[in-house]
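Here are a few notes from my read-through, numbered so you can reply point by point. Have the viewer open while you go.

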Amino acid sequence: MNLDSKIPEGPLSEKWSSHKFNMKLVNPSNRRKYSVIVVGSGLAGGSAAASLAEQGYNVSCFCYQDSPRRAHSIAAQGGINASKNYQNDGDSVYRLFYDTVKGGDYRAREANVYRLSEVSSDIIDQCAANGVPFAREYGGLLANRSFGGAQVSRTFYARGQTGQQLLLGAYSALSKQIGLGKVKMFNRHEMLDLVKVDGHAKGIIVRNMATGELTRHASDAVVLATGGYGNVFFLSTNAQGCNVTAAYRAHKRGAGMANPCYTQIHPTCIPVHGDKQSKLTLMSESLRNDGRIWTPKDAEVAAKIRKGETDPNSVAEDDRDYFLERKYPSFGNLAPRDISSRAAKEACDEGRGVASTGLGVFLDFRDAIKRDGQNTIKERYGNLFDMYQCITGDNPYETPMMIFPAVHYTMGGLWVDYNLESTIPGMFVGGEANFSDHGANRLGASALMQGLSDGYFVLPYTVGNYLGKQGVADAGKVTTEHPAFAEAEANVKARTDKLLSIGGTESPRSFHKRLGHIIWEQCGMARSKEGLEGAIKDLQALRKEFWTNLRVVGDADGINPELERAGRVADFIEFGELMCRDALMREESCGGHFRVEHQTEDGEALRDDENFAFAGVWEYKGDDIEPQLHKESLIYENVELATRSYK
Amino acid sequence: MEKTMDLTLKVWRQKSANSTGTFETYGVKDVSEGSSFLEMLDTLSEDLVEKGKEPVAFDHDCREGICGSCSMTINGIPHGPEKATTACQLHMRHFHDGQTITIEPWRAKPFPVIKDLVVDRSPFDRIIQSGGFITSRAGSAVDANAIPISKATADYAMDAAACIGCGACVAACPNASAMLFTGAKVSHMNSLPQGKAEKDRRTLAMVATMDGEGFGGCTNVGECEAACPKSISLDMIAHLNRDYATAQIKNFFKPVA
C-alpha cells in the first residue's frame, strides 16, 4: 500500500500556494468532457459538487436522504472557526494551525492542518457571499465567540444553527448547478460498491432506495464525502441514516482505512432514558461556560437521587464534588472534550452517577443564575434550556441539568494524501469521511471548517489536477458497459439477496444494539488490551450470528428500511472489529483514544511519541484474514510535541 | 421509574405510489413517556418485524428537529399537537395511557405518497433550484466584513432562513400552498445586500416554479404558521407578495431576466 503523503516541498506557509501553481490545469472548454461522481451532499460533498460544476465539470451527486439539504452537517450547532483575527486578539493562521495540531494530540499531518487554517478565512467570505446569515454586531460586522476552550474569539456562528445555515448555503450553490443541469442529483440513493478499472476509481453501484433498482454510474473520478461512522456505537449524536457503508465498501476495494479507533466522545449530551432510545441529543458545549459539573461525593446520596428520594438542590455544598474544578483547576468546567468525558465516566464508575440509569452527572446553573440573574442566563442559553426541557420534561432553571458523554464525531476515516486522494487513484475523500485534519481529537467548531475547506477550496483543485494528468483523450472513456461494473453490480445483488434470504429470527436493529453495546463497553471512553481482545472475539461471533440468524422482512423492490439497516449493520460489524484492532495496536493514550494501561499516576493520557507518532492505515485482505497495518510517519517540522496539560 | 402507556395507533399503510392506501390499527404497549414519537414508532416496527410483517415506512434522520425529514400528521396536525416541535422532538409525555393516535402522511397533491408515511417532496428542491440561491462562485467572494449588514437585517434573514423544508406548511394549508416555504427563502435572500442583484429574477422564478408544481395560492388562513416547527412568520408571505408585485411591475416595463 503506497502511503506517499505527497506533501509539497518548501516552507509550511508556501506549500499550498506552490502546490496550486504546480498542479495540472484542465482547459475550461475541455472540462465538460469529464464527469465526476460525488457521494454525499453535506458540507464537503455539497460544496465540492457545486464548485466542480461551477468550474465546468459534469457532476453526479448522490445522497441517501430525500433531499441534499438534509445531510447531517445540518445538525452542527456551535460554529465554525476561522483565523480572521477580526477581534484583534492575537489570532493568526499559524495559531489556528498550532491549536489544531495540539488539540489533535499531535497525531495529524502538519501540512494538511496548515492548509485548513490558511483557507479558513476564505470559507467565511464564501459563506457570507452565499447568504449565510452569520451573527452580526450592531455595527454590521461579523460577531465572534470563543468556543471549546480556545483562548481567542475565532468562532463564527448563526445562532445555535451554524451547521444548518452553512449547509443550506452549500445546498443553494448546489441547487443552482442542478437547475443549470451541470449537476445531476440522485436523492434516495445509497452507494453500495465502488468500481475500479485498471486500478483507478471509475464509478459506483447505487441502490435507488425508493424503487429498489440497482444502477451503475461511470465517471472519471469519484469523491466520497459520506460522513463519519459514529453509528457503529448504535447510540450516538449522528443521524439515523449515517453509516460507514460507502467508505467501508471502498476500503474493501483497496482504500486504506486510517486510525479508525480515533472517536470523539462529547461530554454534554442528554443521558440515555431507556432501552428503546434511538439516538442521543447533544447540548451545545457553550453551556459549560456557566454551568458547573458535579456529582454527590457519596455514592449513597447519588443512589437516593437516582430513585427520586433526594432533591439534588438539597445536597449541601460540602457534599458535592465539582470534579472538573477539583482535578483541573485552571481549565475547570472548560477542560477539553476527551478529558471532561473521561472524568464523568470515572465518577459514574464509582457509583456516584445520577439519572435513572446511573449514567449522568449534573450540569448546574444555580450559581450562575444567582450571580447573573435568570434573565441573563435565559438570553445566553434560552433555546438550549427549552430543548432540554422539551426532551426531558425537567426545567433546568430549577433542577440541575443532567448530562453524559456520547459519541459525536469520528476523527479516523479513509486515508488520504495531501490532495485528499485515497490509496485508490482517482478516489478522493472529503469531510468527516477522511482522516485528514483532526488527529486523535477534534476541537470544537473545526468540523464545519474542514468540510467546507475540502469541498470549496481543496477538492476543486486536486480533482482537476488528477483529471488533467489523466489527459483529455481518456475523458469519459470508461462506460458502464465495462465488465468491472457487471462484476460489482452482481456482487451487490448477491449480497442483497443474501440479506433477504437468511430467514432467521433477529432484527437488524437488535444486532445493531448488540454491536453498539460491545463497542461502547470495550472501545469507548476507556480501552484495555483484555477488553479489546474480547471484543474482537465477540464481534466475530456476532458477525457469524448475523449472517445465520438475521431476519429482514419485506423485499428489495422498494422502500425497505429493514433492508437498508441490515446492509449498514453488516458493514458496521466488520468495521467495529477493525476499530478494535486499531485500538489494540495503538499501545498509547492520545486524544479520544484512552488505553487504561497507558496513563500517568494521576490518570491522565500518556502518549508515546517515540513509537506511535504515525497514522495507522489498514489494508483489507479478505473476509476472514487479518487486515494488514501500514504506517505513515508523522513528521513535525514546525510544532514541538508537548504533553497537553489542563491542570 | 418513568411512567409507561399503552396506545392504539391508526396508521396509514400504502404499499407504493400507485396502490390504494388504508388505515391499519395497531396496539403498542409499555411506551415510556420519555420516548420520542418516532421511538414509539420504532417500537411498533420491532413488534411488526417480530410478527414477520413489514414495519411502517417513514422519513426521519437527525431526530433533533433540524434536518426536516420527518413528516407525519398526528391526530390531524402536521408534526402533532406541540407548538414549534417536529415529530421527532415530540415526546410521549404529551399523550396519555389508552389514547388512540391517528398517523398519516402529508396530504397535498404536489407531495404524492410513495409508501406509508413517506411522501415525495422534490417540488421543494425544484423551487430552490429555480432561484433560491445567491450566485457567488467559490473563490469570488470579497472579505466577509467588506459589506456590513445591520444586526436587525441579519436577525431577520436568520428568522427566515430557519426553515427546515419539512413541508408541514403545505400539509396544514387547505390550499396546499407553498407560500410560507417560498416566502421564507425569498425573504432570507432578498433582505441581504448580497442577494439584491438577483432579487427580482429570483422572486419571479421561484413563484413560477411553485405555481408550476401545483401548489395552491395563499388565502391568509394562517394554518402554515401554526404548524411550522420553526415558527416561521406569516410576514414572510407578505414579504414575498411585496417583492413579487415589485418584480412584476419592473418586469412589465423591462424584463428582469
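1. Start with A:Asp417, which counts as buried at 2% relative accessibility. Bear in mind throughout that this is a predicted model. The partner to look for is A:Lys6: the two form a salt bridge, with the closest N and O atoms 3.3 Å apart. A:Lys6 sits in the segment before α1 (15-22) of chain A and A:Asp417 in the loop between β16 (413-414) and β17 (427-429), so the pair ties together parts that are 411 residues apart in sequence. Unlike its buried partner, A:Lys6 is partly exposed, at 38%.

2. That pair belongs to a longer list: over all chains, the structure holds 66 salt bridges. A local one is A:Arg581 with A:Glu577, at 3.1 Å between the closest N and O atoms. Both residues are in helix α17 of chain A, four residues apart, or about one turn of the helix. Both are also buried.

3. While you're at α17(A), check the helix itself. Residues 561-585 make 25 residues, and the first and last C-alpha atoms are 36 Å apart, close to the 36 Å expected at 1.5 Å a residue. The helix is mostly covered, with 24 of its 25 residues buried.

4. Helix α6 of chain A (residues 162-180) gets the same check: its 19 residues should span 27 Å at 1.5 Å a residue, and the end C-alpha atoms are indeed 27 Å apart. Here 17 of the 19 residues are buried, so α6(A) is largely enclosed by the rest of the structure. Right after it comes A:Gly181, with a positive phi near 85°.

5. Over in chain B, B:Asp155 and B:Lys151 meet in a salt bridge at 2.9 Å, N to O. They too are four residues apart in one helix, α3 (residues 151-161). Each is partly exposed: B:Asp155 at 28% and B:Lys151 at 25%. For something more elaborate, go back to chain A, where shared partners join A:Asp105, A:Arg107, A:Arg586, A:Glu588, A:Arg607 and A:Asp609 into one salt-bridge network.

6. Two surface patches to look at. The nonpolar one is B:Ile249, B:Phe252 and B:Phe253, with about 420 Å² of accessible area together; B:Ile249 is in helix α8 (residues 235-253) and is exposed at 52%. The negative one gathers A:Asp298, A:Glu300, A:Asp318 and A:Asp319. A:Asp318 is in the loop between α8 (299-307) and β13 (320-321) of chain A, exposed at 63%.

Definitions and conventions. Residues are numbered from 1 along each chain as its sequence is written. Chains are lettered from A and ligands numbered from 1 in the order in which they are written. This is a predicted model: local features need pLDDT of at least 70, side-chain atom pairs count only at pLDDT 80 or more; totals for chains, interfaces and linings use all residues. Side-chain values use heavy atoms; hydrogens and water are left out. Patches are made of residues with over 30% relative accessible area and no salt bridge: like charges are joined within 9 Å, nonpolar side chains (Val, Leu, Ile, Met, Phe, Trp, Tyr) within 5 Å. Accessible areas come from the Shrake-Rupley method with a 1.4 Å probe; for residues, only the protein chains shown count as cover. A salt bridge is a side-chain nitrogen of Lys or Arg within 4 Å of a carboxyl oxygen of Asp or Glu. Helices (H or I, at least four residues) and strands (E, at least two) are DSSP runs, numbered from the N terminus. Buried means under 20% relative accessible area, exposed over 50%, partly exposed in between (1.4 Å probe, protein chains only). The expected span of a helix is 1.5 Å times one less than its number of residues. Lys and Arg count as positive and Asp and Glu as negative; His and the chain ends are not counted. The place of a charge is taken as NZ of Lys, CZ of Arg, CG of Asp or CD of Glu.
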